[in-house]
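Let's take a walk through this structure together. Keep the 3D view open and turn it as you read.

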Amino acid sequence: MDTRNISTTYTFDEENICYDCRNLIKKDRFYPAHKNLVLDNVVYSKMITGQEDEFYYTCKICPTIWRHETGKGGFGWQLTKLNSNK
Ligand SMILES: [Zn+2]
């Protein structure tokens with residue numbers, strides 16, 4: 001299944017996220033994770049365009065969950081949702 005067309009872009013209030021996370025918004029796939037992100041999950045997928053892995057991070061100090069798409073067709077850093085448990 002191609003999940004590319006499923007939009008997980010979340011509408012969020014920038015005031016609620018930390019400085020480092022705000023800095024990640026719209027960064028490309030070459031931009032590294034910041035110091036307070038914890039890697040939760042990695043999805044390895046082989047696409048026609050090559051290896052299109054996705055890395056999921058949660059932030060230690062604010063309620064954000066990130067998806068980092070590192071493949072050639074990836075969109076880089078994407079804020080997926082806010083973690084309501086925090
Ligand atoms: Zn944060």
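Start with lysine 26, which sits in the loop between helix 1 and strand 1. Is lysine 26 buried or exposed? It counts as exposed, because just 11 other C-beta atoms lie within 10 Å, and the cut-off for exposed is 12 or fewer. Lysine 26 also has a backbone quirk: its phi is positive, about 70°, even though it isn't a glycine. As background, most residues other than glycine have a negative phi. Keep in mind as you look around that this is a predicted model.

Now zoom out to the whole chain. It has 1 helix and 6 strands, and if you read along the sequence you get the pattern α-β-β-β-β-β-β. So how much of the chain is buried? Of its 86 residues, 16% count as buried. And if you take the contacts between residues at least 6 apart in sequence, 38% of them join residues at least 24 apart.

Next, let's see how some of the strands line up. Strand 1, residues 37-43, runs antiparallel to strand 4, and 6 bridges join the two. One pair to look for here is leucine 37, which stands opposite cysteine 59 in strand 4. Strand 4 also pairs with strand 5, residues 64-69; these two run antiparallel as well, with 5 bridges between them. In this pairing, glutamate 54 faces glutamate 69 in strand 5. How many residues lie between strand 4 and strand 5 in their hairpin? There are 4. While you're looking at strands, here's a handy general point: in a regular strand the side chains alternate between the two faces of the sheet.

Time to look inside. Which residues make up the largest nonpolar core? It has 9 of them: Ile17, Cys21, Leu24, Leu37, Tyr57, Cys59, Trp66, Trp77 and Leu79. Helix 1 (19-24), strand 4 (54-59) and strand 6 (76-82) each supply at least two residues of this core. You may recognise Leu37 and Cys59 as the pair standing opposite each other. In soluble globular proteins, nonpolar side chains tend to be buried together.

Let's pick out two members of that core. Isoleucine 17 is found in the segment before helix 1. It is buried because it has 20 other C-beta atoms within 10 Å, and 20 or more is what buried takes. Find cysteine 59 again, too: it is 42 residues away from isoleucine 17 along the chain, yet their C-alpha atoms are separated by 9.2 Å.

The other core member to visit is tryptophan 77, which lies in strand 6. Why does tryptophan 77 count as buried? Because 21 other C-beta atoms lie within 10 Å of its own. Setting aside its neighbours within four places in sequence, tryptophan 77 is in contact with Leu24, Lys27, Tyr31, Trp66 and His68. Among these, Leu24 and Trp66 belong to the core as well. Tryptophan 77 and glutamate 54 are 23 residues apart in sequence, and their C-alpha atoms are 9.9 Å apart in space.

From there, go to glycine 74, in the loop between strand 5 and strand 6. Glycine 74 is buried, with 21 other C-beta atoms within 10 Å. Leaving out neighbours within four places in sequence, you'll find glycine 74 in contact with Arg29, Glu52 and Glu69. Glu69 is the residue that stands opposite glutamate 54 in the strand pairing. Aspartate 53 is 21 residues from glycine 74 in sequence and 8.4 Å from it in space, C-alpha to C-alpha.

The last stop is glutamine 51, in strand 3, which covers residues 50-51. Buried or exposed: which is glutamine 51? It has 12 other C-beta atoms within 10 Å, so it counts as exposed. Apart from neighbours within four places in sequence, glutamine 51 is in contact with Lys46 and Gly71. To link this stop to the previous one, compare glutamine 51 with glycine 74: they are 23 residues apart in sequence and 9.8 Å apart in space, C-alpha to C-alpha. Glycine 74 is buried, whereas glutamine 51 is exposed.

Definitions and conventions
Residues numbered from 1 in each chain as written. Predicted model: local features only at pLDDT ≥ 70, side-chain atom pairs only at ≥ 80, totals over all residues. Core = buried A, V, L, I, M, F, W, Y, C linked by C-beta atoms within 7 Å. Pairing = 2+ DSSP bridges. Contact = placed C-beta atoms within 7 Å.
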